[in-house]
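Reader: Hello! Could you take me through one part of this protein closely, namely its nonpolar interior? I would like to see how the pieces fit into the whole.

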Amino acid sequence: MSFRPSPRRASRTRNGWKPSCNAGGCDFPTDPETPSDRQTLFWSPRLQPRAIELSPVQYRNGETEPIVALAHLDGLDLRQAADGWHGIWQVDGVAHQFWLPQAIPDAAAFYATVLPADDFYDLRSHAARRLVRALKGYKPGRDFRAMPEQLRQFHILSLRALDARLRGVSYRTVAEALLGFSGTKEDFEVDPRKNKARRLVAHGIKMMRGGYRLLLHYPIKASGK
């Protein structure tokens, strides 16, 4: 899959984007001078319920139907792929992702949101509402549901524990670095932090093998999951 730069926004696009079906995102060239945690990450709309599909519709009432040229939004990272245009718009501290399968972002248009009535409809509709509010110049409002800090820290620690184990670090050392354990080998055998360290690593392995994709639609679980 490759990009064709927008005639007006060529500086905002990158060439050579191809899908990564297993990871759920898309691979594209990045700026080597920019830290990885500051790079724009495009998730596949197939897996990211908050990636809103937009479709231009007939314009009827100028007072209630705003006309928008999406490519002209400040803070927009825009990419073209074989399945259309993908954009991530950073505004008011929120990253809005949208997808235009049959539209040109340079053209001014009145858009409708396409919201499949699946298990993630609540997430989709909430993200769509926040995007529309932002396009109208309003504050987007609260997120669907913020992850509790305790759960967030569990995910973070599990990935740190996994990274340590993949480098050959013992569970005891993991517990010392992440859980505050201090003692001998014999002390560790009867300390509850031994099992906690093992649980962290086990969860990290689960996340590494694709479980991280569940975070894309947190806190909703798909039927049968």
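Author: Happily! In this predicted model, the largest nonpolar core holds 20 residues, and the members that touch the most others are Leu54, Leu70, Trp89, Phe98, Leu100 and Tyr111. Several elements build this core: at least two residues each come from β3 (51–57), β4 (76–81), β5 (84–91), β6 (94–100) and α1 (121–135). The biggest share belongs to α1, which contributes four residues. As a general point, nonpolar side chains in soluble globular proteins tend to be buried together.

Trp89 is a good residue to click on in your viewer. Setting aside neighbours up to four places away in sequence, Trp89 is in contact with Leu73, Asp74, Gly75 and Leu76. The contacts of Trp89 also include Val94, Ala95, His96 and Phe98, and further along the chain Leu131, Ala134 and Leu135. Phe98 is thus both a contact of Trp89 and, like Trp89, one of the core members that touch the most others.

There is also another core, apart from this one, with 13 residues; Leu157, Ala175, Leu178 and Leu179 are among them.

Now for two loop residues. Ala71 sits in the loop between β3 and β4. Ala71 counts as buried because its relative accessibility is 0%, and the cut-off for buried is under 20%. From Ala71 to Trp89 the C-alpha distance is 9.9 Å, with their positions 18 residues apart in sequence.

Gln48 belongs to another loop, the one joining β2 (26–27) to β3. With 9% relative accessibility, Gln48 is also under the cut-off, so this residue counts as buried too. Beyond four places in sequence, Gln48 touches Trp43, Gln97 and Leu216.

Stepping back to the whole protein, you will find seven strands and five helices. Along the sequence they run β-β-β-β-β-β-β-α-α-α-α-α. Of the 225 residues, 39% are buried. Among contacts with a separation of 6 or more, 58% link residues that are 24 or more positions apart. As for the outside, the protein exposes about 13600 Å², and 50% of that area comes from carbon and sulfur atoms.

If you want one view to keep, try colouring the core: β3, β4, β5, β6 and α1 each bring at least two residues to it, with α1 giving the most.

Note on methods: Residues numbered from 1 in each chain as written. Predicted model: local features only at pLDDT ≥ 70, side-chain atom pairs only at ≥ 80, totals over all residues. Heavy atoms only, no water. Buried < 20%, exposed > 50% of the residue type's maximum accessible area, 1.4 Å probe, protein only. Contact = heavy atoms within 4.5 Å. Core = buried A, V, L, I, M, F, W, Y, C linked by side-chain atoms within 4.5 Å. Areas by Shrake-Rupley, 256 points an atom, 1.4 Å probe, with all protein chains shown as cover.
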